[in-house]
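The following exercises practise the reading of a structural model, from overall form to individual side chains. Each task is followed by a solution in steps.

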Amino acid sequence: MPTLKEIENIFMYHSPKADQPKRYDAIRTKAKELALLINEVCPESREKALALTNLQQTTMWANASIAINEGCEEHEN
């Protein structure tokens with residue numbers, strides 16, 4: 001069960017810090033690359049639509065993991 005602090009952190013605005021925008025863009029760029037491939041090679045179908053929807057969700061959750069879990073800390077790499 002999440003704590004009140006965890007819930008507050010999840011549902012607050014997280015302004016981009018340090019190199020986060022660069023990493024958000026990197027994730028979106030790779031996801032777009034895969035989306036274009038899926039769009040090109042997969043037949044029009046429910047499964048294709050779901051693949052693209054889930055890729056969109058994957059991108060959102062990956063970026064959210066950076067925003068929510070890094071707080072004011074800077075990412076080092």
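**Exercise 1. Confidence**

Determine how far the coordinates of this predicted model may be trusted, and where caution is required.

*Solution.*
Step 1. The average pLDDT of the protein chain is 92, and 91% of the residues reach a score of at least 70.
Step 2. Among the elements, helix 2 has the highest mean pLDDT (98), while helix 1 has the lowest (94).
Step 3. Over residues 72-77, by contrast, the pLDDT falls below 50; this stretch has five contacts in the model beyond near neighbours in sequence.
Step 4. Where pLDDT is low, the predicted coordinates should not be read in detail.

**Exercise 2. Overall form**

Describe the secondary structure of the protein chain, and decide whether the chain is a compact globule or more spread out.

*Solution.*
Step 1. The protein chain contains three helices and zero strands, in the order α-α-α along the sequence.
Step 2. For 77 residues the globule rule gives 11 Å, whereas the radius of gyration is 16 Å, well over that value; the chain is therefore more spread out than a compact globule.
Step 3. Along the principal axes, the C-alpha atoms fill a box of roughly 45 × 30 × 15 Å.
Step 4. Of the contacts between residues at least 6 apart in sequence, 73% join residues at least 24 apart.
Step 5. Buried residues make up 19% of the 77. The exposed area of the protein chain is about 6300 Å², and carbon and sulfur atoms supply 61% of it.

**Exercise 3. A lysine and its surroundings**

Classify Lys-48 as buried or exposed, and state which residues distant by more than four places in sequence it contacts.

*Solution.*
Step 1. Lys-48 belongs to helix 3, which spans residues 46-70.
Step 2. Its relative accessibility is 4%; because the cut-off for buried is under 20%, Lys-48 counts as buried.
Step 3. With neighbours within four places in sequence left aside, Lys-48 is in contact with Ile-38, Asn-39, Cys-42 and Pro-43.

**Exercise 4. The region of helix 1 and the loop after it**

Identify the residues that make a nonpolar surface patch, then examine Tyr-13 and Ala-18.

*Solution.*
Step 1. Ile-7, Ile-10 and Phe-11 make a nonpolar surface patch of about 320 Å².
Step 2. Ile-7 is found in helix 1 (residues 4-10) and, at 37% relative accessibility, counts as partly exposed.
Step 3. Tyr-13 lies in the loop between helix 1 and helix 2. Its relative accessibility of 66% places Tyr-13 among the exposed residues.
Step 4. Tyr-13 and Lys-32 are 19 residues apart along the chain, and 25 Å separates their C-alpha atoms.
Step 5. Ala-18 lies in the loop between helix 1 and helix 2 (20-41), and is exposed, with a relative accessible area of 53%.
Step 6. The phi of Ala-18 is near 45°, a positive value in a residue other than glycine. Most residues other than glycine have a negative phi.

**Exercise 5. Salt bridges**

State how many salt bridges the structure holds, and analyse the pairs Arg-28 with Asp-25, Lys-30 with Glu-33, and Arg-23 with Asp-19.

*Solution.*
Step 1. The structure holds five salt bridges.
Step 2. In the bridge between Arg-28 and Asp-25, the closest N and O atoms are 2.3 Å apart. Because these two residues are three positions apart in helix 2, about one helical turn separates them. Both count as partly exposed: Arg-28 has a relative accessible area of 40%, and Asp-25 has a relative accessibility of 39%.
Step 3. Lys-30 forms a salt bridge with Glu-33, with 3.9 Å between the closest N and O atoms. Lys-30 and Glu-33 are also three residues apart in helix 2 and so are separated by about one helical turn. Lys-30 counts as exposed, at 57% relative accessibility.
Step 4. A network of salt bridges that share partners joins Asp-19, Arg-23 and Glu-70.
Step 5. Within that network, the side chains of Arg-23 and Asp-19 meet at 3.2 Å, N to O. Arg-23 counts as buried at 16% relative accessibility, whereas Asp-19, at 26%, counts as partly exposed.

Definitions and conventions:
Residues numbered from 1 in each chain as written. Predicted model: local features only at pLDDT ≥ 70, side-chain atom pairs only at ≥ 80, totals over all residues. Heavy atoms only, no water. Patch = residues over 30% accessible without salt bridge, like charges linked within 9 Å, V, L, I, M, F, W, Y side chains within 5 Å. Areas by Shrake-Rupley, 256 points an atom, 1.4 Å probe, with all protein chains shown as cover. Salt bridge = Lys/Arg side-chain N within 4 Å of Asp/Glu carboxyl O. Buried < 20%, exposed > 50% of the residue type's maximum accessible area, 1.4 Å probe, protein only. Contact = heavy atoms within 4.5 Å. Rg over C-alpha atoms; globule rule 2.2 N^0.38 Å. pLDDT = per-residue confidence, 0-100.
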